[in-house]
Amino acid sequence: MVPVLLVIGGLVALIAGAELVVRYGSLLARRLGIPPMIIGLTVVSIGTSAPELAVGIDAMKVNAGSLAVGNIAGTNIVNLLLILGLSAALRPIDFERRTLVLDLPGMAIVAVLVYVFSLDGALQTWEGVPLVIAAVAYTVALGWWTRRENAGRSDELVADLAVEARVSAPGEHARARVLWFALLLVVGIAIIVIGADWLVRGSEELARLFGVSDAFIGLTVVAIGTSAPELVTALVSTVRGDRDIAVGNLIGSSVYNLTLILGVPVLVANGSGPIDTDLLHIDLPIMVAVCLLCVPLFLTGKRLSRSEGVLMVAGYVVYFGYLLLART
């Protein structure tokens, strides 16, 4: 029962910690007068990806590279097939031009790059450098695109925030709230670190107990668990009819998973360690194929229909069934 409790406790801690980081990081940034666009590109993106990042660093430090890489591959497959598919099955998705021109090609390119880097059976330390550089380049391009599209609106928001900051800054109450938000942000980060440690230790013990690989645990339990916040957000926003940001961030997070969230652990841990053979020859190619197939699929009519969403969910069910039958 101990490994199971570690996994459950780790998943709960990751989700709770990410919620604290995103919510109070955003509130803190607004109190300090930082524009919402910058908040979205930094605090929210890093906060929602923090579970995968923490798991990756912990896993690679204990030489469980297959768990870390499997988590990234599995998370992207979950994001693209299951979560986007379910969202489209509930209501067709119309994509913004930025997603079609920037996000989709970027996701396909970095997916191929990660697969090429993995062909020798491991990710070397130096290979983390181009991945992190790709994340920075993507963020700069995203910021430029967003600024160009929302120039007038951004100026108004920045002005409003500046007025709010000037009005609230002198008071003791305002300073106390800033300190409180900062404290909760630090608490959220600490919870994520602890949760990642529990999840990695519990997952490794479960893999040994049931005789399955670290890659299998990363592709299933860890990938689905760390994608839980994105799943809930996408489904709730779909039902409420306000999901543009959720869907855009879902695709954008797939780019960050393959670049920043994989590159930083590789650099910190001096390489990934050996990657499981099945993960290298089956799961990573499937992830690359899903990323590549999304480009023509999403470009068709610039929308994702209900029928296409159902097919994507069916594809994930088939893949998950294969994992259960062939890897256990």
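**Figure 1. Ser66 tucked into helix α3.** Ser66 counts as buried, with a relative accessibility of 9%. In this predicted model, the residue belongs to helix α3, which covers residues 65–90. Follow the Ser66 side chain and you will arrive at the backbone oxygen of Pro274, at 3.5 Å. Pro274 also appears among the contacts that Ser66 makes beyond its neighbours within four places in sequence. The other partners on that list are Asp214, Ala215, Ile275, Asp276 and Leu279.

**Figure 2. Asn71, another resident of helix α3.** Here we stay with helix α3, where Asn71 is found. Is Asn71 buried or exposed? Its relative accessibility is 0%, so Asn71 counts as buried. Which residues touch Asn71, once its neighbours within four places in sequence are left aside? They are Glu52, Val55, Gly218, Val222, Ala223 and Thr226. For a sense of spacing, look at Leu53: its C-alpha atom and that of Asn71 are separated by 10.0 Å, and the two residues are 18 apart along the chain.

**Figure 3. A salt bridge between Asp94 and Arg303.** Searching the whole structure turns up 3 salt bridges, and this view shows the one that joins Asp94 to Arg303. The closest N and O atoms of the pair are 3.0 Å apart. Asp94 sits in strand β1 (residues 93–94) and Arg303 in strand β2 (residues 303–304), so to speak two distant parts of the chain linked across 209 residues. Arg303 is partly exposed, its relative accessible area being 33%. As a general reminder for this view and the next, side chains of opposite charge can pair when their charged atoms come close.

**Figure 4. Arg327 and its two aspartate partners.** Start with Asp278, which forms a salt bridge with Arg327 in which the closest N and O atoms are 3.8 Å apart. Asp278 lies in helix α12 (residues 277–299) and Arg327 in helix α13 (residues 306–327), so this bridge ties together parts that are 49 residues apart in sequence. Now turn to Asp283, whose side chain meets that of Arg327 in a salt bridge with an N to O distance of 2.7 Å. This pair also links distant parts of the chain, with Asp283 in helix α12 and Arg327 in helix α13, 44 residues apart. Through these shared partners, the salt bridges join Asp278, Asp283 and Arg327 into one network. How covered are the members of this trio? Asp283 and Arg327 are both buried, and the relative accessible area of Arg327 is 10%. Asp278 counts as partly exposed, at 34% relative accessibility.

**Figure 5. Cys291 and Cys294, without a disulfide.** How many disulfides does a search of the whole structure find? The count is 0. Why is there no bond from Cys291 to its closest cysteine sulfur? That sulfur belongs to Cys294 and is 6.4 Å away, which is too far for a bond. Seen from the other side, Cys294 has Cys291 as the holder of its closest cysteine sulfur, again at 6.4 Å. A disulfide would need the two sulfur atoms within 2.5 Å. Both cysteines are worth checking for cover: Cys291 counts as buried at 0% relative accessibility, and Cys294 is buried with a relative accessible area of 2%.

**Figure 6. A nonpolar patch on the surface.** Val112, Val116, Leu119 and Leu292 make a nonpolar surface patch of about 320 Å². One of these residues, Val112, is found in helix α4 (residues 97–118). Val112 is partly exposed, and its relative accessible area is 35%.

**Figure 7. Stepping back to the whole protein.** To place the close-ups, it helps to know that the protein has 13 helices and 2 strands. Of its 328 residues, 50% are buried. The protein exposes about 14700 Å², and carbon and sulfur atoms supply 70% of that area. What share of the contacts between residues at least 6 apart in sequence join residues at least 24 apart? The share is 88%.

Technical notes. Residues are numbered from 1 along each chain as its sequence is written. This is a predicted model: local features need pLDDT of at least 70, side-chain atom pairs count only at pLDDT 80 or more; totals for chains, interfaces and linings use all residues. Side-chain values use heavy atoms; hydrogens and water are left out. Patches are made of residues with over 30% relative accessible area and no salt bridge: like charges are joined within 9 Å, nonpolar side chains (Val, Leu, Ile, Met, Phe, Trp, Tyr) within 5 Å. Accessible areas come from the Shrake-Rupley method with a 1.4 Å probe; for residues, only the protein chains shown count as cover. A salt bridge is a side-chain nitrogen of Lys or Arg within 4 Å of a carboxyl oxygen of Asp or Glu. Helices (H or I, at least four residues) and strands (E, at least two) are DSSP runs, numbered from the N terminus. Buried means under 20% relative accessible area, exposed over 50%, partly exposed in between (1.4 Å probe, protein chains only). A polar contact is a pair of N or O atoms within 3.5 Å; within protein, one must be able to donate a hydrogen and the other to accept it, and residues adjacent in sequence count only if both atoms are side-chain atoms. Contact means heavy atoms within 4.5 Å.
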